Amino acid sequence: MPRIGDPAPAFTAPTTQGEINFPADYQGKWVILFSHPADFTPVCTTELMTFASMQQQFATYNTELVGLSVDGLYSHIAWLRTIKDKIAFRGLKDVEIAYPVIEDVSMEVAKKYGMIMPGEDSTKAVRAVFVVDPQGTIRAIIYYPLSLGRNFDELLRVVKALQTADHFGVATPADWRPGEPVILSAPGSAGTAEERMRGRMDKTHCEDWFFCTKELTAEEVESAIRTTSDAGL
Ligand code: BEZ
């Protein structure tokens, strides 16, 4: 089972958008690789539609989407067509799923990524999310059970927080969103502990020697991590 910090296991697979070679095809991009339990099921339908509605927003942060289930390609294609033709959800309708959805009938990829959790279901993937960075390293893993649809604001927040951490060499506190103070994690990365404690470092504040924050405006964050300028703050 791959862990945070591991290289994303490599595979080739057929998808609704043609064959992919993962993660090689996505070098230089962030990717959200996610699994869903089954085609033609309602929670999964809401998730695929929500991902589709946010695809452009993720692209703004250089992030591509790749879905997977253990269903076959013809099932995927029929389901995606049904979603487009018939399903409305929370104001979304006529939704085209333009990101690739992997067929994994053999469960080879799902098993490689630890997406099958027999205690939950031995014939379906759980709702797994792997955030993979531009070097092909797994940076975050989130799992949800079959009954629970994912929180998509959180997925976008995770991407932005990881990119902010990389760009500014900081960490992000509980529930952080762009515009809120970040955490100076590595002593010496921005002045000594003493300099910080005495308030000598610009825009920093320390609660104690181990707990220092730094102001970073939403504009500073967004202009550092966005690759295009068409998503709202
Ligand atoms: C659903 O997506 O609705 C679902 C899929 C598998 C098991 C339970 C629910």
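**Sheets, helices and a ligand**

Mentor: Five strands make up an open sheet with mixed pairing, in the order 5-4-3-6-7. Strand 5 (101–103) and strand 7 (138–144) are the edge strands, each pairing on one side only. Averaged over the sheet and with direction ignored, neighbouring strands are turned by 20° against each other. The model is predicted, and local features need pLDDT of at least 70, side-chain atom pairs 80 or more, whereas totals for chains, interfaces and linings use all residues. Residues are numbered from 1 along each chain as its sequence is written, and side-chain values use heavy atoms, with hydrogens and water left out.

Trainee: What makes strand 3 and strand 6 paired strands?

Mentor: A strand is a DSSP run of E with at least two residues, a helix is a run of H or I with at least four, and both are numbered from the N terminus. Two strands pair if DSSP finds at least two bridges between them. Strand 3 (residues 30–35) and strand 6 (residues 127–132) run antiparallel and are joined by four bridges, so the requirement of at least two is met. Within this pair, Val31 stands opposite Val132 of strand 6.

Trainee: How do you know that helix 1 packs on this sheet?

Mentor: Contact means heavy atoms within 4.5 Å. Helix 1 touches strand 3, strand 4 (63–69), strand 5 and strand 6. Its direction makes about 160° with that of strand 4, where angles run from 0 to 180 degrees between N-to-C directions, and axes are lines fitted to C-alpha atoms, for helices over the stretch in contact. Helix 4 also packs on the sheet, touching strand 3, strand 4, strand 6 and strand 7, and its direction makes about 160° with that of strand 7.

Trainee: Why is the crossing of helix 1 and helix 4 called right-handed?

Mentor: The axes of helix 1 (residues 42–60) and helix 4 (residues 152–168) come within 11 Å and cross at roughly 35°. A crossing is right-handed if the near helix is turned clockwise from the far one by less than a right angle, and left-handed if anticlockwise. The crossing here is right-handed, which means that the near helix is turned clockwise from the far one.

Trainee: Which residues make the contact, and how many fall in each class?

Mentor: Helix 1 contributes Glu47, Thr50, Phe51, Met54, Gln57 and Phe58, while helix 4 contributes Phe152, Leu155, Leu156 and Val159. Ala, Val, Leu, Ile, Met, Phe, Trp, Tyr, Cys and Pro count as nonpolar, Asp, Glu, Lys and Arg as charged, and the others, Gly among them, as polar. By class, the contact has seven nonpolar, two polar and one charged residues.

Trainee: What surrounds the ligand?

Mentor: Pro37, Thr41, Pro42, Val43, Cys44, Arg127 and Leu146 surround the ligand. A residue counts as near a molecule or strand if one of its heavy atoms lies within 4 Å of it.

Trainee: What makes the approach of Arg127 to the ligand a polar contact?

Mentor: A polar contact is a pair of N or O atoms within 3.5 Å; within protein, one must be able to donate a hydrogen and the other to accept it, and residues adjacent in sequence count only if both atoms are side-chain atoms. A polar side-chain atom of Arg127 lies 3.1 Å from an oxygen atom of the ligand, so the pair qualifies. For Val43, a polar backbone atom is 2.8 Å from a ligand oxygen. A backbone N or O atom of Pro42 lies 3.3 Å from an oxygen of the ligand.

Trainee: Why are strand 8 and strand 9 said to stand at the edges of their sheet?

Mentor: Three strands form this open, antiparallel sheet in the order 8-10-9. Strand 8 (182–183) and strand 9 (204–208) each have a single partner strand, so one side of each is left without a neighbour in the sheet. Strand 8 and strand 10 are joined by two bridges, and Ile183 has Thr213 as its bridge partner. Strand 9 and strand 10 (residues 211–214) pair over four bridges; there, His205 stands opposite Thr213, and Thr204 has Lys214 as its bridge partner.

Trainee: What makes the bond from Phe22 to Pro23 unusual to read, cis or trans?

Mentor: The peptide bond from Phe22 to Pro23 is cis, with omega near 0°. Pro23 is found in the loop between strand 2 (20–22) and strand 3.
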